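Subject: Structure handover and what I found in it

Hi there,

Here is the structure I promised to pass on to you. Please open it alongside this message, and then read on at your leisure.

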Amino acid sequence: MAHHFKIKKNKGGEFVAYFMYNSEPIFWTEGYSSKASAKNAIESIQKNGPGAETVDES
């Protein structure tokens, strides 16, 4: 599996959703108090991400 989402607890005990590619984290969300909130963040990324435009501020 080249890419996938992973939910892990951080040191503060919060749930964080990571987008992984080849076992490396590419990006991650803020920490959430519940696993359900982290799953909602993943669903939002999957739903809204494909149409997101790229903003180049360089």
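Below is what I found, going from the whole chain to single residues.

**The chain as a whole**

Please keep in mind that this is a predicted model. The protein chain holds one helix and three strands, arranged along the sequence in the pattern β-β-β-α. Its C-alpha trace spans about 35 × 25 × 25 Å along the principal axes. Of the 58 residues, 17% count as buried. If you look at contacts with a separation of 6 or more, 13% of them come from residues 24 or more positions apart.

There is also an annotation to pass on. The unreviewed UniProt entry lists residues 13-56 under "domain: DUF1508". In the model, that stretch is 32% helix and 27% strand, and the C-alpha atoms at its ends lie 35 Å apart.

**The sheet**

The three strands make an open sheet in the order β1-β2-β3, and the pairing is antiparallel. Its edge strands are β1 (3-9) and β3 (24-28), each of which pairs on one side only. On average, neighbouring strands in this sheet are turned by 40° against each other, with direction ignored.

Taking the two pairings in turn:

- β1 and β2 run antiparallel and are joined by seven bridges. H3 has Y21 of β2 as its bridge partner. The two strands form a hairpin with five residues between them, and G13 in the turn has a positive phi of about 85°.
- β2 (residues 15-21) pairs with β3 in the antiparallel sense over four bridges. Y21 turns up again here, with E24 in β3 as its bridge partner, and M20 is bridged to P25 in β3. These two strands form a hairpin as well, with two residues between them, and N22 in the turn has a positive phi of about 50°.

**The helix**

Helix α1 (residues 35-48) lies across β1, β2 and β3, and runs at about 155° to β1. It has 14 residues and reaches 20 Å from its first C-alpha to its last, close to the 20 Å expected at 1.5 Å a residue.

Which residues of α1 are buried? They are A38, A41 and I42. Viewed down the axis of α1, the buried residues fall within an arc of 95°, so they line one face of the helix. What they pack against is β1 and β2.

S37 also lies in α1. With a relative accessible area of 28%, S37 is partly exposed. The C-alpha atoms of S37 and I26 are 20 Å apart, for a separation of 11 residues along the chain.

**Two loop residues**

Two positions outside the helix and strands are worth a click while you have the viewer open.

The first is T29, in the loop between β3 and α1. Is T29 buried or exposed? Its relative accessible area is 13%, and buried means under 20%, so T29 counts as buried. Setting aside neighbours within four places in sequence, T29 is in contact with V16, A17, A41 and I45. One of these, A41, is among the buried residues of α1 listed above. V16 and A17 fall in β2, which covers residues 15-21, and I45 falls in α1, which covers residues 35-48.

The second is E14, in the loop between β1 and β2. At 34% relative accessibility, E14 counts as partly exposed. Again leaving out neighbours within four places in sequence, the contacts of E14 are K8, K9, G31 and Y32. Of these, K8 and K9 belong to β1, which covers residues 3-9. The C-alpha atom of E14 is also 5.2 Å from that of S33, although the two residues are 19 apart along the chain.

**In short**

To recap, you have an open antiparallel sheet of three strands with helix α1 lying across β1, β2 and β3. The buried residues of the helix pack against β1 and β2, while T29 in the loop between β3 and α1 is in contact with residues including V16 and A41.

Happy to talk any of this through whenever it suits you.

Best wishes

Key:
Residues numbered from 1 in each chain as written. Predicted model: local features only at pLDDT ≥ 70, side-chain atom pairs only at ≥ 80, totals over all residues. Heavy atoms only, no water. UniProt positions renumbered as here; feature names shortened; annotations may be inferred. Pairing = 2+ DSSP bridges. Axes fitted to C-alpha atoms, helices over the stretch in contact; angles between N-to-C directions. Contact = heavy atoms within 4.5 Å. Expected span 1.5 Å × (residues − 1). Buried < 20%, exposed > 50% of the residue type's maximum accessible area, 1.4 Å probe, protein only. Arc of directions from axis to C-beta.
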